[in-house]
Amino acid sequence: MEEKATVEDMAIFVCPHCGKEMDKWTIPAASSWDAEFHYVCFNDECVYFVTGWQWMREKYQANASYRHCVDPATGCSRPLPVWSADALKDQIIK
Ligand SMILES: [Zn+2]
């Protein structure tokens, strides 16, 4: 069965890496993204986020990671770089 629903109709976005509900997140004004908010997985135990630390250290010698991020307008996902576990959490829309 095929349902014709756009991603914007979906009330909840779920992270494909950990299965947790994603948070609505305000995009910083300085960014070039053409959207008001994205959905981001802020689960600190998310595999994507956890393995990101190791990957960034090995590839770039950087103490950083990234979180799974989805643009609800397009449904496209991208990595959202973070420098700490609490980074960007103050922009979560409750
Ligand atoms: Zn996740």
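**Sheet, core and loops of a predicted model**

Q: In what order do the strands of the open sheet lie?
A: This is a predicted model. Its open sheet holds 5 strands, with antiparallel pairing. At the edges lie β4 and β5 (92-93), each pairing on one side only. The order is β4-β3-β2-β1-β5.

Q: Which pattern does the chain follow along the sequence?
A: The chain has 1 helix and 5 strands. The helix is α1, residues 47-60. Read along the sequence, the pattern is β-β-α-β-β-β.

Q: Over how many bridges do β3 and β4 pair?
A: Strand β3 covers residues 65-70, and strand β4 covers residues 77-82. Their pairing is antiparallel. Y66 has P81 as its bridge partner in β4. The count for the pair is 6 bridges.

Q: Which residue of β4 is the bridge partner of V70?
A: V70 is among the residues with the most contacts inside the largest nonpolar core. Its bridge partner lies in β4. That partner is S77.

Q: Which residue in the hairpin of β3 and β4 takes a positive phi?
A: The hairpin has 6 residues between the strands. One residue there has a phi near 80°. That residue is G75.

Q: How many residues does the largest nonpolar core have?
A: Those with the most contacts inside this core are M22, Y39, V40, C41 and V70. Strands β2 (37-40), β3 and β4 each supply at least two of its residues. The core has 14 residues.

Q: Which residues are in contact with M22, leaving aside neighbours within four places in sequence?
A: M22 is among the residues with the most contacts inside the largest core. Its partners include Y39, V40, C41 and V70, which are also listed for that core. The full list is F13, V14, C15, Y39, V40, C41 and V70.

Q: Is Q61 buried or exposed?
A: Q61 lies in the loop between α1 and β3. It is not a glycine, yet its phi is positive, about 50°. Around Q61 there are 7 other C-beta atoms within 10 Å. The cut-off for this class is 12 or fewer, so Q61 is exposed.

Q: Why does L88 count as partly exposed?
A: L88 is found in the loop between β4 and β5. This residue has a positive phi of about 70° although it is not a glycine. A buried residue needs 20 or more neighbours. L88 counts as partly exposed because its C-beta neighbours inside 10 Å number 19.

Q: What separates the C-alpha atoms of Y48 and S65?
A: Y48 is found in helix α1, while S65 falls in β3, residues 65-70. The two are 17 residues apart along the chain. Their C-alpha atoms are separated by 8.8 Å.

Q: Which residues does Y48 touch, not counting those up to four places away in sequence?
A: Y48 counts as partly exposed, with 18 C-beta neighbours inside 10 Å. Its partners include C41, which is also listed for the largest core. The full set is H17, C41, R67 and H68.

Q: What share of the residues in the chain is buried?
A: The chain has 94 residues. Residues with 20 or more neighbours count as buried. They make up 21%.

Terms used
Residues are numbered from 1 along each chain as its sequence is written. This is a predicted model: local features need pLDDT of at least 70, side-chain atom pairs count only at pLDDT 80 or more; totals for chains, interfaces and linings use all residues. Two strands pair if DSSP finds at least two bridges between them. Helices (H or I, at least four residues) and strands (E, at least two) are DSSP runs, numbered from the N terminus. A nonpolar core is a set of buried Ala, Val, Leu, Ile, Met, Phe, Trp, Tyr and Cys residues joined through C-beta atoms within 7 Å. Two residues are in contact if their C-beta atoms, placed from the backbone, lie within 7 Å.
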